[in-house]
Every structure is written in C-alpha cells, then in structure tokens.
Amino acid sequence: MTTKAAAAKAENHESSMFEAVLARLDVAAKIYGLSDEVANILRNPEKQVKVSVPVMMDNGKVQVFEGFRTVHSTILGPSKGGIRYAMDVCDDEVKALSAWMTFKCAVANLPYGGAKGGIKCDPRKMSVGELERLTKAYTVAMADVFGPTKDIPAPDMGTSGREMAWLVDAYNKVHRGNFPAVTTGKPVGMGGSLGRDAATGRGVMVATLAALRKMDLSPKNVTCAVQGFGNVGSHAARLLHEQGIMICAIGDHTATFWNEKGIDVNAALRYVKDNGGVLKGFTGGTEIKNTELLTSNVDVLVPAALQNVITEEIAHEIKAKLIVEGANGPTTPEADVILNDKKIIVVPDILANGGGVTVSYFEWVQNNYGYYWTEEEVNAKHDASMGSAFMHVWNFSQKYNTTMRIGAYITALKKVEFGIQAKGNY
Ligand code: NAD
C-alpha cells in the first residue's frame, strides 16, 4: 500500500484509540495478506467486562467507581495486560490497549494473549486506604476474569507493585489459596522479580541502541529528549544516560526542562524522589513548554508519558532522526505518515516498550517454578529477548519494504494467525 493510501485508510479510523489500532491492523493485514477471517477475529475482543465498584471513602460516604477489563485475545496463551488508574479510562481506551497487548506479547515472542483493565479514578486525589479498598473491591468484582492461567494483570499508569500486592491478597481470599502468579509487577519479596521495575525503560534502552547500530550512530555522539519521568521515562533516561547518550530534555506533567550540555539525570532522579515524585522546581535546566520537548533539536525522541502526543502538527516539526515509543500509542496514524515521509525511524510501542511484559513473563515463570533468579540473569534474558524481537521486526520491515510499526504488526499477525489455524474452530 502506498503512503497516500495508508494515510487515507488511517484517516477513516481517526475517531477513537481502538480505531487507530484497527487502522494499523488494516495496513499490516493488507501488506502481509492476512485472511479476512483472521482479521475479523482480531478486530473483535474476546471478552469485555465492566463493573461498578462501590467504595467507602474516608469521609464515610460510599462512592461508585467504574472498572473495566477487556480480554482481547487468548489465542497464544492466557491474556496479559496492565491495570490503569486515571480519569480518562473508558471502554475504547481499554479495548485499544488490550489489542496492543496481544500484538506486543506476540512481537516479544511470549506465550500470552492480550488484555487491559482500568478504573476511572484520580489516584492522586485518593488516600492510601481508599486506593486499597478500591483495588480489593475491583479484584473481587473481577475474580472470575483474572487467574494465573486465564488473565494476568500488571501495573500501568497510576498503579504500581503496591496495588498488585493488594490484588493478590484479595484474589487469594476469594479463591482460598496462594496465587502469586495471578499478577505480575509485584514487589520483590512478594513474588516480584528483580529487574521488573526498570524493565520497560531497559527495553527502551536496548531498542534505542539496536536502532542506532542500524543507523550507524554511536551513542556517545547522540542527544535525546524523554517525555515522562515516571516508571518508563525515568528508567529509560537513566539507562540511556549510562550508555553515553546525552539527555538534553526531560519532562513530566508538572514541568519540562532543556539543557544543551546535558541534564544530570541522577540529580533529576534524586530531585523527584525528594519532591513528591515530580520535576516541578528542578534547577538542572531551562524550563520549556511540554510540546517544545517533542520538537527539540535532538537525535532521539522518547515519548514515555501519554498517548496521541505526536500529532500531524507536531510530526511536521520533529527534528529527531529516531523515535523510540516508551508510551503506548504516542503517535497518531496521521503523524505516522508524515514521520515516514520525513524518513524518521520509529521503533513502535508494541516493540519498544515490550521489556516490561517480557520481565513480567519471567516473573510469572519464577512464580510458577517457585525458584527465583538474580537480577543479572533477568537482565541478560531480557536483553537477549528484546534484541531478538528488534531484529525480527527490523527484518520484516525490510522484507515487506515498510515501516517498523507495520513490520511489528506483521510479526504479530504471523504468530497469531498460526495460533488460530493450529487451534481450529468450533
Ligand atoms: P507513570 O504513571 O509511572 O508515569 C507517567 C509519567 O508521565 C509521569 O512522569 C507523569 O508526570 C508524566 N505525564 C503525565 N501527563 C503528562 C503530560 N501531559 N506531559 C508530560 N508528561 C506527563 O506511568 P508509566 O508506567 O511510566 O507509563 C508511561 C507510558 O508507558 C504509558 O503509556 C504506559 O501505558 C506505557 N507503558 C508502561 C509500562 C510499564 O511497565 N510501566 C509498560 C509498557 C508501556
């Protein structure tokens, strides 16, 4: 399909995040020659569950929250995907993220399908007690959906190991046993894996280095901007910095900073730790606008915060030669076309941020095995897995003469198609 045709296709799907997933699926399916039957299976999630969760708030009043879980596919194994706490969580977003998980797990060569969940809430405005009650009530409501061999959650935006430990506790009480493998991303000492916390950022680093090798660029001569300084962004910035890449811009929802001589990433990490987790007030750079980070004069751009930040308008202004998508869905389908025309290499989310789910898989293996690995073992297995996923996608994008994003979709479609054909139908 030509770039123009792909753009037209993408335009028809502009209205929602799930439609954006379908836009990419359509393009990849056409290039790869996927059958309509398989495409149709993938266009429709297997299961969508919505629950109302009443929670006793600290003020003594009961508030009802909306909770979601979508299982997109279990073709290649139990479904896997995070749980997000945010005010904009909705059916469409959860559906889109669940489909991405199917493709992400397939690209990472894991024996998993895809799912995603979320609760519409503002965790920053809730007390620890309220969050614990909400998490446990949501888990009880989803107790028949989740399961170590059925559907395995993990943290996402607004959740962390703390919520996963609460989830295990509630699940154990409902099912009367000990089931650490029901979720991943747990704290170390509660069945969590060493290396899981930094894994997504580590995967971004491995993918960046692999892409720079293809571009014949040495990390020591490369500058980078990272949007988002949470789990993914902060570890990615630290690990890229450790590889000799100069981090010139960082930012979060409170402030964005630029330093042409390089941000002292370790100082920023210390600052965030001591200042309630946010960058506001950091003095290691000049304050700039959030969008200026995306269009700043750097070689590598790592969006690691929100979806849909690289729009058509921003894409025209981007100066980076390489974009490595730490966040899920940071680039719109319309922007993809422009980036491709500008010959900017985009390592897509379903490959670039697959390090987290890869180490989640290692955590699940360790839980099932009852035997735990050292951090060095986890990191070595992770790096090998991410390196091989990158090469797979790169080779497909060359073979089909397409972008890495479509190459990644083709990689996933091939595996899921095999699963569908091997299992057969009723
Ligand atoms: P997080 O909650 O730990 O951090 C999010 C960061 O984004 C914070 O620094 C926040 O301040 C920043 N942010 C929020 N709004 C912003 C704005 N308007 N402008 C700039 N920055 C803003 O979340 P996370 O786990 O780091 O996830 C970030 C992205 O990576 C999400 O898209 C998530 O789905 C994706 N992801 C996360 C993981 C994981 O293992 N945590 C794995 C794969 C993908």
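Student: Where does the ligand lie relative to domain 1 (48–179) and domain 2 (199–352)?

Tutor: A good way to start is to ask which parts of the chain give residues to the shell. Here domain 1 (48–179) and domain 2 (199–352) both do, so the ligand lies between them. Keep in mind that this is a predicted model.

Student: Which helices supply at least two residues of that shell?

Tutor: Helix 7 (196–214) and helix 8 (231–242) each do.

Student: How many residues surround the ligand, and which come nearest?

Tutor: There are 23 residues around the ligand, and Arg84, Thr200, His253, Asn290 and Asn328 come nearest. Sorting the shell by class gives another view: seven residues are nonpolar, 11 are polar and five are charged.

Student: How do I read individual contacts to an oxygen atom of the ligand?

Tutor: Check whether the protein atom belongs to a side chain or to the backbone. Arg84 uses a polar side-chain atom, 2.8 Å from a ligand oxygen. Phe229, by contrast, places a backbone N or O atom 2.9 Å from an oxygen of the ligand. Asn231 also has a backbone N or O atom 2.9 Å from a ligand oxygen.

Student: And how much of the ligand's accessible area does the protein cover?

Tutor: On its own the ligand has 830 Å² of accessible area, and the protein covers 84% of that.

Student: Let me go back to helix 8. Is His235 buried or exposed?

Tutor: The number to look at is relative accessible area, with buried meaning under 20%. His235, which lies in helix 8, has a value of 15%, so His235 is buried. The His235 side chain also makes a polar contact, at 3.0 Å, with the side chain of Arg238.

Student: What span should helix 16 (residues 404–423) have?

Tutor: Count the rise per residue, then compare the result with the ends of the helix. At 1.5 Å a residue, the 20 residues of helix 16 should span 28 Å, and the end C-alpha atoms are 29 Å apart, which agrees. Just after helix 16 comes Gly424, with a positive phi near 75°.

Student: How many residues of helix 16 are buried?

Tutor: Helix 16 is mostly covered, with 15 of its 20 residues buried. Leu413 is found in this helix, and a relative accessible area of 0% makes Leu413 a buried residue.

Student: How far apart are Leu413 and Thr403 in sequence and in space?

Tutor: Sequence and space are two separate readings. Leu413 and Thr403 are 10 residues apart along the chain, while their C-alpha atoms are 15 Å apart in space.

Notes:
Residues are numbered from 1 along each chain as its sequence is written. This is a predicted model: local features need pLDDT of at least 70, side-chain atom pairs count only at pLDDT 80 or more; totals for chains, interfaces and linings use all residues. Side-chain values use heavy atoms; hydrogens and water are left out. A residue is near a molecule or strand if one of its heavy atoms lies within 4 Å of it. A polar contact is a pair of N or O atoms within 3.5 Å; within protein, one must be able to donate a hydrogen and the other to accept it, and residues adjacent in sequence count only if both atoms are side-chain atoms. Accessible areas come from the Shrake-Rupley method with a 1.4 Å probe; for residues, only the protein chains shown count as cover. Helices (H or I, at least four residues) and strands (E, at least two) are DSSP runs, numbered from the N terminus. Ala, Val, Leu, Ile, Met, Phe, Trp, Tyr, Cys and Pro count as nonpolar, Asp, Glu, Lys and Arg as charged, and the others, Gly among them, as polar. Domain bounds come from an automatic or database domain assignment. The expected span of a helix is 1.5 Å times one less than its number of residues. Buried means under 20% relative accessible area, exposed over 50%, partly exposed in between (1.4 Å probe, protein chains only).
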